[in-house]
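Visitor: I'm new to reading protein models. Could you walk me through this one?

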Amino acid sequence: MTACVRFHPAVVLAFLASVIVFSIVVRNPVFAGVGWALAAASYLSVRGMAGWRMVAFAIALVPVVAVMNALFNPLGATVLFEYLGSRHFTMESLALGAVTGVSLAMAILWFGCFDRLMTADRLMYLFGRFAPALTLTVTMAMRLVPRFFRKAADVAFAQRCIGAGAGAGVRRRMRAQSDVLATLATWALEGSIVTADSMRSRGYGCARRTSYARYAWRSSDAVALAVVAALDVVLCVCLATGAEATAYLPVFVAPAATGAFWAGLAAFAVLSALPAIVVLYGELRWRLSLSTI
């Protein structure tokens with residue numbers, strides 16, 4: 001992960017925006033499968049072994065979305081079975097749901113990478129000069145959500161220590177959860193008052209803000225941005241020509257394996273694998289530097 005954060009915030013944001021958009025747009029099963037595998041590899045390279053829980057959740061999400069789509073969308077020519085009398089459960093609807101679930105899983109994994117790579121100081125650096133109030137609100141919200149979860153766990157643990165935790169009964173569990181919610185609301189209100197007083201005492205909003213940038217643009221940033229832009233162009237050409245276009249309803253129609261298809265697939269694979277490649281390259285350099293000591 002350290003190797004990824006060495007790049008300029010603009011380069012990281014451009015890459016994440018590109019890969020998230022293309023992960024949502026592509027609907028070809030080959031693209032989706034390759035993209036999901038590389039998104040999981042990139043997520044693990046950024047998060048480490050602690051990211052296996054999210055990867056497992058992304059795996060479990062795919063069959064759930066596929067089955068739900070097949071249950072609520074009876075369209076399709078190949079009927080696998082009937083339920084509720086005469087409602088069809090079709091293979092085409094199941095395949096469409098599976099691809100949709102894979103796209104959703106890819107988006108979740110890439111947003112997890114976004115949360116790790118685009119920190120609050122990087123967002124403030126990129127957008128603080130143009131929209132300081134909005135940027136501050138977004139960064140505070142990003143910081144508040146994980147703090148809420150940690151505070152809720154602390155409050156629940158404290159309740160269990162004094163014997164007021166959730167018990168076996170439904171009524172006791174609901175009462176314990178409501179106490180946790182009330183404590184969190186009080187803590188958030190008190191924190192907002194303290195934050196507002198602190199910002200007012202420091203003169204926030206009284207004059208134009210100055211900013212300090214500790215991010216320098218390097219030649220490696222230019223190369224990385226050029227690589228991302230080139231891959232984006234290839235993928236846009238692939239999508240514009242319909243080389244990866246796949247029809248699912250009423251019948252499944254796969255695109256022909258043309259040169260544009262393989263070029264788009266290769267570009268999407270390289271784009272999705274960039275974080276893992278950067279982390280692996282940094283790890284290899286570190287190992288080689290240790291071997292020369």
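Visitor: Is F261 buried or exposed?

Guide: Quick background: this is a predicted model, where local features need pLDDT of at least 70, side-chain atom pairs count only at pLDDT 80 or more, and totals for chains, interfaces and linings use all residues. Residues are numbered from 1 along each chain as its sequence is written, and side-chain values use heavy atoms, with hydrogens and water left out. Here, buried means under 20% relative accessible area, exposed means over 50%, and partly exposed is in between, using a 1.4 Å probe and protein chains only. F261 has a relative accessibility of 6%, so F261 counts as buried.

Visitor: How do the rings of F261 and W262 pair up?

Guide: A pair of aromatic rings is described by the distance of the centres and the angle of the planes. Rings of Phe, Tyr and Trp (its six-membered ring) pair if their centres lie within 6.5 Å; planes under 30 degrees apart count as stacked, over 60 as edge-to-face and the rest as tilted. The centres for F261 and W262 are 5.3 Å apart and the planes sit at 80°, so this pair is edge-to-face.

Visitor: And which residues make up the ring cluster?

Guide: W262 is partly exposed, at 49% relative accessible area. Ring pairs join W262 with others into a cluster, whose members are F31, F261, W262 and F268.

Visitor: What kind of pair do F81 and F89 form?

Guide: The whole structure holds 7 aromatic pairs. In the one made by F81 and F89, the centres are 4.5 Å apart with 15° between the planes, so by the cut-off the pair is stacked. As for cover, F81 is partly exposed at 43%, while F89 is buried at 7%. So the kind of pair, going by the angle, is stacked.

Visitor: How far apart are the end C-alpha atoms of helix α8?

Guide: Helices (H or I, at least four residues) and strands (E, at least two) are DSSP runs, numbered from the N terminus. The expected span of a helix is 1.5 Å times one less than its number of residues. For the 32 residues of α8 (residues 170-201), that gives 46 Å, which agrees with the actual end-to-end distance of 47 Å.

Visitor: Which residues of α8 are buried?

Guide: Not S192, which sits in α8 but counts as partly exposed at 38%. The buried residues of α8 are A176, V180 and L184.

Visitor: What span should helix α2 have?

Guide: Helix α2 covers residues 9-25, and its buried residues include V11, F15 and I20. Its end C-alpha atoms are 24 Å apart, and that agrees with the expected span for 17 residues at 1.5 Å a residue, 24 Å.

Visitor: Is F72 buried or exposed?

Guide: F72 is in helix α4 (residues 52-72). Together with V64, V67, M68 and L71, F72 makes a nonpolar surface patch of about 440 Å². With a relative accessible area of 62%, F72 is exposed.

Visitor: What is the radius of gyration of the protein chain?

Guide: The chain has 10 helices and 2 strands, and its C-alpha atoms fill a box of roughly 65 × 60 × 50 Å along the principal axes. The radius of gyration is taken over C-alpha atoms, and the globule rule is 2.2 Å times the number of residues to the power 0.38. A compact globule of 293 residues would come out near 19 Å, but this chain has 24 Å.

Notes:
Patch = residues over 30% accessible without salt bridge, like charges linked within 9 Å, V, L, I, M, F, W, Y side chains within 5 Å. Areas by Shrake-Rupley, 256 points an atom, 1.4 Å probe, with all protein chains shown as cover. Salt bridge = Lys/Arg side-chain N within 4 Å of Asp/Glu carboxyl O.
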